[in-house]
Amino acid sequence: MKNEEIKSLDNATSEMIRHAHMLGIETIFDRNGNYSTGECKKAKCNFGSRGICCKQCMLGPCRISGRSLKGTCGASADTIAARNLLMMIGRGTAAHSSHALHVASTLLKTARKKTSYKIKEQIKLESISRNINIGKEEGTDALASAAAELAISDILGDEKYMRFAESYYPADVFGNLSNLGVMPSSVGRELLDSGHETSMGTMADPTEFILHAARLGVADIASLIISAELQDVLFGIPKLFSSKIGFNVLEKDKVNVVIHGHVPLLSEKIIEFSEDVQLLEKARSLGANGINVVGCCCTGNDALMRHGIPVAGSNIHQELIIATGLAEAIVVDVQCIYPNIENVAKHFHTRIISTMKEARLQSAEHIPFDEENADESAKRILNAAIENFPKRLNNAFLPEEKPHDLMGGFSVENILDTLTKIDPEDPFKPLVDSIRSGAIYGIVLLAGCISPGMTESSQVTIAKELLKQNVLIFSTGCSAQSCARGGLLTPEATMEYAGDKLKGVLQALGEASGLKKPLPPVWHFGSCVDNSRVIILAIALAQNMGLQLKDLPIAASAADWVAEKAAAIGTGAVALGITVHLGRAPPIMGSPEVVSLLTQKSGELFGAKFIVEEDPIKTSQLLLLHIRKAREKLGTASNNFISDNPKGQNNEDISISLEPNELINPQNPMLLRTC
Ligand code: BF8
């Protein structure tokens with residue numbers, strides 16, 4: 001990676017990359033550089049990135065070009081791109097629903113007294129039970145069993161519709177999706193069918209592929225709901241915590257245990273046993289001043305939301321966390337775990353410990369996690385980390401930059417608690433009134449990943465642009481961590497970045513929540529699974545405003561998305577009626593038909609669509625335009641209209657240079673880089 005590219009990252013990351021280089025360690029930043037240099041500006045395969053490479057069978061691999069407009073079997077570019085997209089979304093949905101299955105199965109075993117977990121949120125369990133219409137069982141364990149069994153059936157069963165989808169989505173959305181044939185039966189059924197349809201010589205209709213992709217997206221979001229809701233039952237509803245983010249949350253005098261991945265079943269136990277008296281004594285006997293658990297990626301987000309555990313880094317930082325030489329153990333569960341961490345660890349004493357059968361690494365040690373013996377698994381891992389402390393090498397390094405303060409742990413429940421203090425009779429009223437008056441001009445969810453290719457944080461730029469315009473920002477996943485590194489998750493950020501009207505709202509909410517400071521302008525809702533919290537909140541908001549979801553002045557943005565899971569969530573959100581911005585085009589640009597389905601026809605079908613734009617400033621303008629159109633329907637478009645946008649225009653003048661035709665033209669040089 002070139003020096004000038006390193007300089008354009010945040011200071012701590014740049015410093016850690018330089019340190020890794022000095023030690024001869026290769027990271028994602030170098031490997032990404034390998035794909036951005038040479039004769040091509042982008043050495044990535046154009047056929048793959050446009051979705052028109054087909055390797056379904058041994059007639060190929062085939063790729064669509066000026067010479068061959070069809071695969072050997074005759075499949076068109078549209079068929080190939082749509083089929084590839086369905087497979088991508090299928091993998092994302094499989095990841096999320098596997099997570100949901102682990103959680104549901106643990107809840108079921110807990111209700112049957114086969115685990116050491118406890119049901120922490122009886123009231124939430126009752127509310128979930130009412131939602132999914134199983135309120136007749138007697139007692140907590142019976143209710144928990146019934147909810148868990150239903151969740152498992154949603155994932156593996158064969159009912160007409162997923163109950164968590166049918167009961168959590170609004171009636172109008174359910175009606176529309178079922179009319180379109182986009183309500184999923186079970187995730188397993190949908191994945192089986194998609195595996196069949198995408199097999200060679202089966203489905204060839206691009207529209208049917210995309211409708212199936214939407215069905216999987218809808219199933220994906222129902223899986224997120226299952227995970228987040230049942231995790232709350234087991235581990236508690238998130239609370240507002242002040243914490244920190246940055247490499248320097250690792251502590252030189254303590255045993256550092258990094259919890260990384262997505263499913264918090266084991267990490268909850270690791271956090272619990274990090275306070276175990278015997279283990280702490282053992283750590284002290286080996287010269288450590290305690291056990292310091294820190295997070296990475298979404299397991300980190302989850303631990304932050306429920307325990308205030310600090311975050312060391314996001315997906316792109318996992319190798320650099322090891323390069324500090326301070327991690328005794330990196331404990332991984334599933335998803336977003338980059339295989340090279342075990343190579344980086346070879347330069348240090350760090351033990352990489354895989355724990356779940358779905359995510360074994362090539363040579364890392366494996367301590368299997370089994371929910372029926374969760375305490376033993378956690379203790380074994382903590383013992384391994386403690387025993388590793390004296391083996392720390394003499395090459396520990398931390399960047400100069402101190403960790404950033406942040407506040408996280410937003411949930412539907414704690415927002416409602418705060419609103420109830422303002423209006424006990426009608427808690428949603430203050431929020432609804434603020435939106436109608438324009439004090440909150442709109443709401444944008446910044447979600448998804450970050451990539452090594454971005455030289456500055458798109459999310460931070462978008463957030464700052466929107467906050468000026470009094471748009472409230474929700475955030476999840478690595479995007480929330482990016483906003484935290486950009487200093488946007490603090491009360492002080494409200495004073496610095498929010499427009500005056502939004503500032504007033506956040507000050508009132510901060511007072512009501514007992515903070516004596518404003519709430520931060522970016523509300524960190526947790527991991528990517530917790531996008532479901534935002535969707536549940538949006539559904540409740542729509543109901544309280546007497547609107548459909550698709551008519552709310554809200555949008556979502558995955559400005560730097562990387563994972564298949566992001567594609568699944570985004571597609572599900574569009575199907576539910578939430579317009580989604582993507583900062584990079586999905587691999588579909590070789591098919592005008594698929595592009596049109598996702599960016600135009602989806603508007604007719606679902607009332608929402610994908611917007612693709614790389615530039616963060618243009619993105620904020622596009623999102624504002626979307627919100628403005630929604631406000632026009634509310635009859636409130638001119639409220640609170642802002643004039644201090646970058647070009648000094650008022651919003652009426654905002655010109656959006658990315659026209660739909662640009663998007664659907666596969667010859668668009670912006671999106672089609674050739675040698
Ligand atoms: O689920 S944001 S890189 S860590 S996929 Fe992964 Fe993307 Fe990060 Fe969490 Ni979400």
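This passage describes the ligand site of a predicted model, followed by two helices and one glutamine residue.

The model is predicted, and local features were considered only at pLDDT of at least 70 and side-chain atom pairs only at pLDDT 80 or more, whereas totals for chains, interfaces and linings use all residues. Residues are numbered from 1 along each chain as its sequence is written, and side-chain values use heavy atoms, with hydrogens and water left out.

The shell around the ligand, taken as residues with a heavy atom within 4 Å of the molecule, consists of His262, Cys297, Cys298, Asn315, Cys336, Gly448, Cys449, Cys478, Cys528, Ala563 and Lys565. By class, this shell holds seven nonpolar, three polar and one charged residues, where Ala, Val, Leu, Ile, Met, Phe, Trp, Tyr, Cys and Pro count as nonpolar, Asp, Glu, Lys and Arg as charged, and the others, Gly among them, as polar. An oxygen atom of the ligand lies 2.7 Å from a side-chain N or O atom of histidine 262, and an oxygen atom of the ligand is 3.3 Å from a side-chain N or O atom of lysine 565.

For the nickel atom of the ligand, the only protein donor is Cys528, through SG at 2.2 Å; donors are N, O and S atoms within 2.8 Å of the metal (3.2 Å for Na, K and Ca), and sites may look incomplete because water is not among the atoms. The angles among the four donor atoms of the nickel range from 91 to 160 degrees, and the site is irregular, a label for arrangements that are neither tetrahedral (four donors, all angles between 85 and 135 degrees) nor square planar or octahedral (four or six donors, respectively, with opposite donors over 155 degrees apart and all others between 65 and 115). Cysteine 528 itself is placed in the loop between strand S13 (522-526) and helix H24 (531-545), helices (H or I, at least four residues) and strands (E, at least two) being DSSP runs numbered from the N terminus.

Helix H14 (residues 297-307) is mostly covered, with 10 of its 11 residues buried, that is, under 20% relative accessible area, as opposed to exposed (over 50%) or partly exposed (in between), using a 1.4 Å probe and protein chains only. Among the buried residues of H14 are Cys297 and Cys298, and glycine 308, just after this helix, takes a positive phi of about 75 degrees. Helix H20 (residues 458-468) is likewise mostly covered, with nine of its 11 residues buried, and asparagine 470, just after H20, takes a positive phi of about 65 degrees.

Glutamine 507 is found in helix H23 (residues 500-512) and is partly exposed, with a relative accessible area of 34%.

How values were computed:
Polar contact = N/O pair within 3.5 Å; in protein donor to acceptor, adjacent residues only side chain to side chain.
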